[in-house]
Each structure stands twice: as C-alpha cells, then as structure tokens.
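Student: Please take a close look at a single part of this protein and work outward from there. I would like one connected account rather than a list.

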Amino acid sequence: MRITIAVTTALLAAGVITPAVATPCAEQIATIERRLDSTGAASVTGSTGTQTGSPRALPTPPGGQPSDPSVKPDPQKIAQARDLIAKAREQDKAGKADACEDTMTQAKTLIGALP
C-alpha cells in the first residue's frame, strides 16, 4: 500500500499523471449537454431523449408561451447550439476560458427555454 502511494505521488510530482480537473466551462458544457439530451429537448427536436434531465426538472412543461418569443427553442437552434458546444469544448481544452464562456453564452441563448 505504501509503495503504491509513493509511486503515485512520485508520478504526480513528475507530471506523468495529472489529476482530472473540471474547469467552470467544462461544467457548463456538461450541464447544457444534459439539457440537450433531456426529454424536453427531444420533444422540440423530435428525437428520443437519452437522459431524464435535471432531477429538479418539472414533470411536465409549464403551460403557455414564453414572454419573449425569441427564447422559444426550435430544432435548428438546438443543432446550432450543439455545434457551439463542440467549439466550446475545444476552446476549453486549449485553455481559452474566456472564449469558452462566450461560446457557451451563445449556445444557451440559442437553446432558449427548453420544456
């Protein structure tokens, strides 16, 4: 056991093994991807949702229309948002935190208020 800990510590110190660190942008990406894979998003795109979405999600979408029609999601906007998320993931990997945050803001604007 001591040998394993010593070897792991030595490898971490040498930079051979790096601990997984989630950046704030990576966390946003994961959250938005969960939203896009939810049953609410599937109802907009006509696909099958792969996840149940947020555990705090409403069981059914609220009635009525959004007060701002520009936030109503549609399949094209969701597809564009998926492309932006892929771009944000690359920016995050490249260490471009500000660019990643800006791209994620654009993606969230496109997605609008998913059911």
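Tutor: Leaving aside residues up to four places away in sequence, Thr103 touches Leu84, Lys87, Ala88 and Gln91. The model is a predicted one, and the values below are computed from it. Thr103 itself lies in helix α5, a helix that spans residues 97-111. Is Thr103 buried or exposed? Its relative accessible area is 3%. The cut-off for buried is under 20%, so Thr103 counts as buried.

One of the contacts of Thr103 can also be followed along the backbone. Thr103 and Ala88 are 15 residues apart along the chain, and their C-alpha atoms are separated by 5.7 Å. Ala88 is among the residues of α4 that meet α5, as are Leu84, Lys87 and Gln91. The contacts of Thr103 therefore belong to the packing of α4 and α5.

Consider that packing next. Two packed helices are described by the angle between their axes and the distance between the axes. For α4 and α5, the axes come within 8 Å and cross at roughly 165 degrees. This makes α4 roughly antiparallel to α5, since an angle over 145 degrees counts as such. The two helices cross in a left-handed sense. On the α4 side, the residues that take part are Lys77, Gln80, Ala81, Leu84, Ile85, Lys87, Ala88, Gln91 and Asp92. On the α5 side, they are Ala99, Cys100, Thr103, Met104, Gln106, Ala107, Leu110 and Ile111.

Cys100 leads to another element. Which residue does Cys100 join through a disulfide? The partner is Cys25, with an S to S distance of 1.8 Å. A disulfide is a covalent bond between the sulfur atoms of two cysteines. The link of Cys25 and Cys100 is left-handed, with -85 degrees about the S-S bond. Cys25 sits in helix α2 (residues 24-36) and Cys100 in helix α5, so the pair links distant parts of the chain, 75 residues apart. Both cysteines are buried. The structure holds one disulfide.

The two helices that carry these cysteines also pack against each other. The axes of α2 and α5 are 10 Å apart, at an angle of about 20 degrees. That angle makes α2 roughly parallel to α5, and their crossing is left-handed. From α2, the residues in this packing are Pro24, Cys25, Gln28, Ile29, Ile32, Arg35 and Leu36. They meet Cys100, Glu101, Met104, Lys108 and Ile111 of α5. Cys100, Met104 and Ile111 are also among the α5 residues that meet α4.

α2 packs against α4 as well. Here the angle is about 155 degrees and the axes are 10 Å apart, which makes α2 roughly antiparallel to α4. Once more the crossing is left-handed. Cys25, Ala26, Ile29, Ile32, Glu33 and Leu36 of α2 meet Ile78, Arg82, Ile85, Ala88, Arg89 and Asp92 of α4. Ala88, which touches Thr103, thus appears in the α2 contact with α4 too.

Now step away from Thr103 to helix α3, residues 39-45, where Gly40 is placed. Gly40 counts as buried, at 9% relative accessibility. Between Gly40 and Ala113 there are 9.7 Å in space, C-alpha to C-alpha, and 73 residues in sequence.

The protein as a whole gives the setting. Its secondary structure comes to five helices and zero strands, and the elements run α-α-α-α-α from the N terminus. There are 115 residues, of which 23% are buried; Thr103, Gly40 and the two cysteines count as buried. The accessible surface is about 7900 Å², and carbon and sulfur atoms account for 59% of it. Of the contacts between residues at least 6 apart in sequence, 65% join residues at least 24 apart.

Definitions and conventions
Residues numbered from 1 in each chain as written. Predicted model: local features only at pLDDT ≥ 70, side-chain atom pairs only at ≥ 80, totals over all residues. Heavy atoms only, no water. Helix = DSSP H or I, 4+ residues; strand = E, 2+ residues; numbered from the N terminus. Buried < 20%, exposed > 50% of the residue type's maximum accessible area, 1.4 Å probe, protein only. Contact = heavy atoms within 4.5 Å. Areas by Shrake-Rupley, 256 points an atom, 1.4 Å probe, with all protein chains shown as cover. Disulfide = S-S within 2.5 Å. Axes fitted to C-alpha atoms, helices over the stretch in contact; angles between N-to-C directions. Parallel < 35°, antiparallel > 145°, perpendicular 65-115°, else oblique. Left-handed = near helix turned anticlockwise from the far one by under 90°.
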